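Thanks for coming, everyone. Please have a look at the sequence and the structure on the screen, and then I will walk you through a few parts of it.

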Amino acid sequence: MASQELIGGLNDQLNREVTTFLRYMLQVASIKGAQWHSVRDMYQSEVTDEVEHAQYLADQIVMLGGKPDLHPDLTPPPSDVREMLQRDSEEERIDVRNYIELASLAEKEGLVALKMQMEDQAADEDAHGQEMQRLLG
Ligand SMILES: [Fe+2]
Ligand SMILES: [Fe+2]
């Protein structure tokens, strides 16, 4: 039986993922201008990654005996593209830390597949953050 700490941590991260893919989806819709074409493409492909992360977390919460509890942050995103990239690269760093913590909790509870998937998701978020830094120049 997984601990409440682990299930609660997975649920907090599920909310961060849902918040993130909603924000990226709106940012894709709002970005205009040929100079931001590659930023728009990057956010478009990351929407898919974040949805997959959220789906995995929701599945695991249920498998471990919990219930997904969604309360995403619906604050409208910034309209300035550099502001988006700056803010999102910081949020991606927080996600990396959260996934490393979740991996260590999962390991303590003997959940090997979950531990490895949390590490994979940490690596995805690290790559997202690096790509945003590269686009910032
Ligand atoms: Fe993610
Ligand atoms: Fe990400």
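How far apart are the iron ion (ligand 2) and the iron ion (ligand 1), and which residue coordinates both? The two ions are 3.9 Å apart, and the residue that coordinates both is Glu50. Before I go further, please keep in mind that this is a predicted model, and that what I describe is computed from it.

Let me take the iron ion (ligand 1) to begin with. Its protein donors are two OE entries from Glu17, one OE from Glu50, the ND1 of His53 and an OE of Glu125, and they lie 2.0 to 2.3 Å from the ion. If you follow these donors along the chain, they show the spacing E-x32-E-x2-H-x71-E. The pair of Glu17 and His53 links distant parts of the chain, since Glu17 sits in helix H1, which covers residues 4-30, while His53 sits in helix H2, which covers residues 37-63, and the two are 36 residues apart. As for how accessible they are, Glu17 is buried, with a relative accessible area of 0%, and His53 is buried as well, with a value of 3%.

Now to the iron ion (ligand 2). Here the protein donors are Glu50 with an OE, Glu92 with two OE entries, Glu125 with an OE and His128 with ND1, at 2.0 to 2.4 Å from the ion. Along the chain these donors follow the spacing E-x41-E-x32-E-x2-H. In this site the pair to look at is Glu50 in helix H2 and His128 in helix H4, which are 78 residues apart and again link distant parts of the chain. Glu50 counts as buried at 0% relative accessibility, and His128 counts as buried at 5%.

With the sites in place, I would like to turn to the helices that carry these residues. In general, two packed helices are described by the angle between their axes and the distance between the axes. H1 and H2 pack at an angle of about 155 degrees, with their axes 8 Å apart. Because the angle has that value, H1 is roughly antiparallel to H2. The contact of H1 with H2 holds 15 nonpolar, 7 polar and 4 charged residues, and H1 passes H2 in a left-handed crossing.

What, then, is the arrangement of H1 and helix H4, residues 112-136? These two pack at an angle of about 30 degrees, with their axes 14 Å apart, and therefore H1 is roughly parallel to H4. The crossing of H1 past H4 is left-handed. On the H1 side we find Leu6, Leu10, Glu17 and Tyr24, and these meet Leu114, Met118, Glu125 and Met132 in H4. By class, the residues of this contact of H1 with H4 divide into 6 nonpolar, no polar and 2 charged.

Finally, I will stay with helix H1 for two further residues. Thr19 is found in helix H1, and it is buried, with a relative accessible area of 14%. Apart from its neighbours within four places in sequence, Thr19 is in contact with Pro72 and Asp73. Gly8 also has its place in helix H1, but Gly8 is partly exposed, with a relative accessible area of 30%. Between the C-alpha atoms of Gly8 and Asp73, which are 65 residues apart along the chain, the separation is 17 Å.

Methods: Residues are numbered from 1 along each chain as its sequence is written. Chains are lettered from A and ligands numbered from 1 in the order in which they are written. This is a predicted model: local features need pLDDT of at least 70, side-chain atom pairs count only at pLDDT 80 or more; totals for chains, interfaces and linings use all residues. Side-chain values use heavy atoms; hydrogens and water are left out. Donors are N, O and S atoms within 2.8 Å of the metal (3.2 Å for Na, K and Ca); water is not among the atoms, so sites may look incomplete. Helices (H or I, at least four residues) and strands (E, at least two) are DSSP runs, numbered from the N terminus. Buried means under 20% relative accessible area, exposed over 50%, partly exposed in between (1.4 Å probe, protein chains only). Axes are lines fitted to C-alpha atoms, for helices over the stretch in contact, and angles run from 0 to 180 degrees between N-to-C directions. Angles under 35 degrees count as roughly parallel, over 145 as roughly antiparallel, 65 to 115 as roughly perpendicular and the rest as oblique. A crossing is left-handed if the near helix is turned anticlockwise from the far one by less than a right angle, and right-handed if clockwise. Contact means heavy atoms within 4.5 Å. Ala, Val, Leu, Ile, Met, Phe, Trp, Tyr, Cys and Pro count as nonpolar, Asp, Glu, Lys and Arg as charged, and the others, Gly among them, as polar.
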